[in-house]
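Visitor: Could you walk me through this one, feature by feature? I'd like the general idea each time, then the case at hand.

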Amino acid sequence: MRATVIILGGTTEGYALAEALASRPGVRVISSLAGRTDNPRLPAGETRVGGFGGAEGLADFLLTVQADAVIDATHPFAAAMGWNAHVGCAAAAVPLLRIERPAWQPQPGDQWFEADDWEGARARLLARGARRVLLALGRQELAPFAGLDDIHFLIRAVSAPDPMPPFADAELLLARGPFGLEDERALLAEHRIDTIVCKNSGGTATAAKLTAARERGIEVVMRRRPPRPQRPTVARVDEALAWLERKLDHPPEH
Ligand SMILES: NC(=O)c1ccc[n+]([C@@H]2O[C@H](COP(=O)([O-])OP(=O)(O)OC[C@H]3O[C@@H](n4cnc5c(N)ncnc54)[C@H](OP(=O)(O)O)[C@@H]3O)[C@@H](O)[C@H]2O)c1
C-alpha cells in the first residue's frame, strides 16, 4: 500500500488506526486533532491540530497533501466534523470511511431516559426530582445544568471547565477513563448518586457506570447520538484497515 491517509481523530479508534498505519512502509499517515484538549496525547505518524475552516477548508487541505483516503474516526458526538468530512471529501474526490463504535443499548434492568439534547436531560432531572447527580459530560456541556440549584452535582470531566458555569452546589472530579466497575460502584455509593447524566458514547472505557447504575437501580439520563450523513461505516479498526487495503490498491492519479 502506498498512500497518504488522513485520520480525523481524537478518539481511541483514531489513535489505534494511526498506530497500525504508521508502521506500514509507503504510508504517510496524518492525524487531525481539533485542538480542544490541552497537551493532547500525540498519535503515531504526523499530526496537525485545529479546525480546517469548514468543508471547503478540509477539501483544500486534502488536495494540498494529495490525500488518498480519509478515515473519519471522530467521536460519535462530533457530528459537525462528520458532515464537513462528507462534503469536503466529495468536493476533493477523496474516498471517506467512517469508523464508529456501536451505541450502547439498554440491558434488562436498566432505567434509561433517552434525550435528544441537554435541554431534554435538564427537564428530566427536574421532572424526576433528582437530588444527587453525576454529570459525566464534556466540560463544554455543563452550562444547561447550572441553574438547577436544588441539585448537588458531581461533575466528572477530563479537564477543568474554564470558566466554571455558576453551579449552586457542585463538586469537580477530574478523571480520564477507562473506569473500572469497582471504582464506579464506589463512586456512586460514596456520593449517594441518584441519577447519572451522560451521552451514548459507546465502547468499553466508560461503560462500567451503566452497569453500576443498573445494580444500584438508579436512572441514567442518556443523550442520544446526533444524526450523521449516510456513509460507509465500520465499527472496528481492523475493518478500516481492510477497507484501506482494498481502496488503496490502485490509488487515484494526482
Ligand atoms: N464531542 C465529544 O463528546 C468528543 C468526545 C471525545 C473526543 N472528541 C473529539 O474532539 C474533537 C472535537 O469534537 P467536537 O464535538 O467539538 O467536534 P464537532 O462539533 O464535530 O466539530 C466542530 C468543529 O471542530 C473542528 N474539528 C472537529 N474535529 C476535528 C478534527 N479531528 N480535526 C480538525 N478539526 C476538527 C471542525 O472545525 P472546522 O469547521 O474549522 O474544520 C469542526 O467543524 C473531535 O475530533 C472528536 O473526535 C469529541
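Guide: We'll go from domains to a helix, then to cysteines and backbone oddities. Keep in mind that this is a predicted model.

Visitor: Into which domains is the protein chain divided?

Guide: There are two entries in the assignment: domain 1 covers 3–101 + 228–248, and domain 2 covers 111–223. Taken over C-alpha atoms, their centres are 30 Å apart.

Visitor: And how do I read the interface between domain 1 and domain 2? What is the area buried there?

Guide: The general idea is that interface size is often given as the accessible area lost when the parts come together. Here about 600 Å² is buried between domain 1 and domain 2, with carbon and sulfur atoms giving 53% of that area. On the domain 1 side, Arg-36, Phe-77 and Arg-101 lose the most area to domain 2, together 66% of what that side buries. In terms of contacts, seven residues of domain 1 meet nine residues of domain 2.

Visitor: How many salt bridges are there between domain 1 and domain 2?

Guide: The count is zero. Polar contacts do turn up, though: two residue pairs between the domains, both at pLDDT 80 or more.

Visitor: Where does Gln-107 lie?

Guide: Look in the loop between strand 5 (96–99) and strand 6 (111–115). Gln-107 is partly exposed, because its relative accessible area of 40% falls between the 20% and 50% cut-offs. Try tracing from there to Arg-214: the two are 107 residues apart in sequence, yet 8.6 Å apart in space, C-alpha to C-alpha.

Visitor: Now a helix. Which residues of helix 2 are buried?

Guide: General idea first: an α-helix has 3.6 residues a turn, so residues three or four places apart point the same way. In helix 2, residues 54–64, the buried ones are Ala-55, Gly-57, Leu-58, Ala-59, Phe-61 and Leu-62. You can pick out Ala-55, Leu-58 and Leu-62 among them and follow that spacing yourself.

Visitor: What do the buried residues of helix 2 pack against?

Guide: Four strands and a helix: strand 1 (3–8), strand 2 (27–33), strand 3 (46–49), strand 4 (69–72) and helix 3 (79–92). After helix 2 comes Gln-66, with a positive phi near 55°.

Visitor: How many disulfides does the count come to?

Guide: A disulfide is a covalent bond between the sulfur atoms of two cysteines. Here the count is zero. As for individual cysteines, Cys-89 counts as buried because its relative accessibility is 2%, under the 20% cut-off. Cys-198 is buried too, at 0%.

Visitor: What should I look for in the backbone?

Guide: Most residues other than glycine have a negative phi, and most peptide bonds are trans, so departures from either are worth a look. Ala-93 has a positive phi near 55° and sits in the loop between helix 3 and strand 5. Arg-192, also not a glycine, has a positive phi of about 50°; find it in the loop between helix 5 and strand 10 (195–199).

Visitor: Is Ala-93 buried or exposed?

Guide: Ala-93 is exposed, because its relative accessible area is 62%, over the 50% cut-off. Arg-192 counts as exposed as well, at 53%.

Visitor: Which residues does a cis peptide bond join?

Guide: One cis bond joins Asp-162 and Pro-163, with omega about 5°. Pro-163 is in the loop between strand 8 (152–157) and strand 9 (170–174). Another joins Gly-177 and Pro-178, again with omega about 5°, and Pro-178 lies in the loop between strand 9 and helix 5 (181–190).

Notes:
Residues numbered from 1 in each chain as written. Predicted model: local features only at pLDDT ≥ 70, side-chain atom pairs only at ≥ 80, totals over all residues. Heavy atoms only, no water. Buried < 20%, exposed > 50% of the residue type's maximum accessible area, 1.4 Å probe, protein only. Helix = DSSP H or I, 4+ residues; strand = E, 2+ residues; numbered from the N terminus. Contact = heavy atoms within 4.5 Å. Disulfide = S-S within 2.5 Å. Domains from an automatic or database assignment. Buried area = accessible area lost by both parts, 1.4 Å probe. Salt bridge = Lys/Arg side-chain N within 4 Å of Asp/Glu carboxyl O. Polar contact = N/O pair within 3.5 Å; in protein donor to acceptor, adjacent residues only side chain to side chain.
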